[in-house]
Amino acid sequence: PVAGVTPALIYTGTNESNKQGHSVGYGATGTGQTGYQNNTYGTKRAMRNIIDLIIFPDGTIGSNGSILLSDFDSPAGTNNSLGQWGSSATPLDLEGMLAPGDSGGPVFILEGGVWYIAGVHSFIGDLGPPAGNNQVDARYGDILGSTRVSSYAGWINSIVPEPASMTALAVGLVGLLARRRRNR
């Protein structure tokens, strides 16, 4: 068990779309103009991006999909890859993009004053012109995809007990051991 850390809560709602996703990772760094640079891994960085779309693995759009998509908007507003689906071209301050080494990192959202893990970073892609450059290099116009945690929350909770469940299990085991000792 991990000690001294309060585990993040798993998001089980369905309101991820159009929320700010806050991400942390140790992947390669760069800029939206140059893309990521090799051999720049290992520094923890954070970024924000709007969760623009929810899709299914086959690429169809749907509110029950299992992938959260965001696009990397440029300050000029010219690289809105997901604009045809209603995405805003206005970047957030600290807007960013995934790069190699960031996969498996969290996407946090804030709802009702509580932070939740809403996604797990999975891939980056490029939809091509006019917004992208046909290269998956973390430049303006690229998209990031994260596995939607709410789609798998039931399974996750069945495998990884919540902290309260672990405490109850530990108390129960201590009680059983004490009872067994008394019966001897």
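In the predicted model, the side chain of R148 extends to the backbone oxygen of G65, at 2.9 Å. R148 belongs to strand β10, which spans residues 143-148, and it counts as buried because its relative accessibility is 2%, under the 20% limit. Beyond its neighbours within four places in sequence, R148 is in contact with T14, E16, I54 and A118, as well as with S63, N64, G65, S66, I67 and L68. A further relation across the sequence is that to L69, which lies 79 residues from R148 along the chain, with 9.5 Å between the two C-alpha atoms.

Strand β10 also takes part in enclosing internal space, since at least two residues of the lining of the largest cavity come from each of β2, β5, β7 (67-71) and β10. The structure holds one cavity of 30 Å³ or more, and the largest cavity contains about 70 Å³ of space. Its lining is formed by G21, S23, M47, N49, I51, L68, S70, V107, H121, L144 and S146, of which five are nonpolar and six polar, with no charged residue. L68 thus appears both in this lining and among the contacts of R148.

An open site was also examined, namely the second largest pocket, with a volume of about 400 Å³. Among the 24 residues lining this pocket, A28, G30, R45, G96 and M97 are the closest to its centre, and the elements giving two or more residues to the lining are β2 (20-25), β3 (30-31), β4 (35-36) and β5 (45-50). By class, the lining of the second largest pocket comprises eleven nonpolar, ten polar and three charged residues.

Technical notes: Residues numbered from 1 in each chain as written. Predicted model: local features only at pLDDT ≥ 70, side-chain atom pairs only at ≥ 80, totals over all residues. Heavy atoms only, no water. Helix = DSSP H or I, 4+ residues; strand = E, 2+ residues; numbered from the N terminus. Buried < 20%, exposed > 50% of the residue type's maximum accessible area, 1.4 Å probe, protein only. Contact = heavy atoms within 4.5 Å. Polar contact = N/O pair within 3.5 Å; in protein donor to acceptor, adjacent residues only side chain to side chain. 1 Å grid on protein atoms, 1.4 Å probe; cavity = no way out; pocket = protein on both sides within 12 Å on 5 of 7 lines; lining within 4 Å. Points joined across faces, edges and corners; volume = space filled by probe spheres on them. Nonpolar A, V, L, I, M, F, W, Y, C, P; charged D, E, K, R; others polar.
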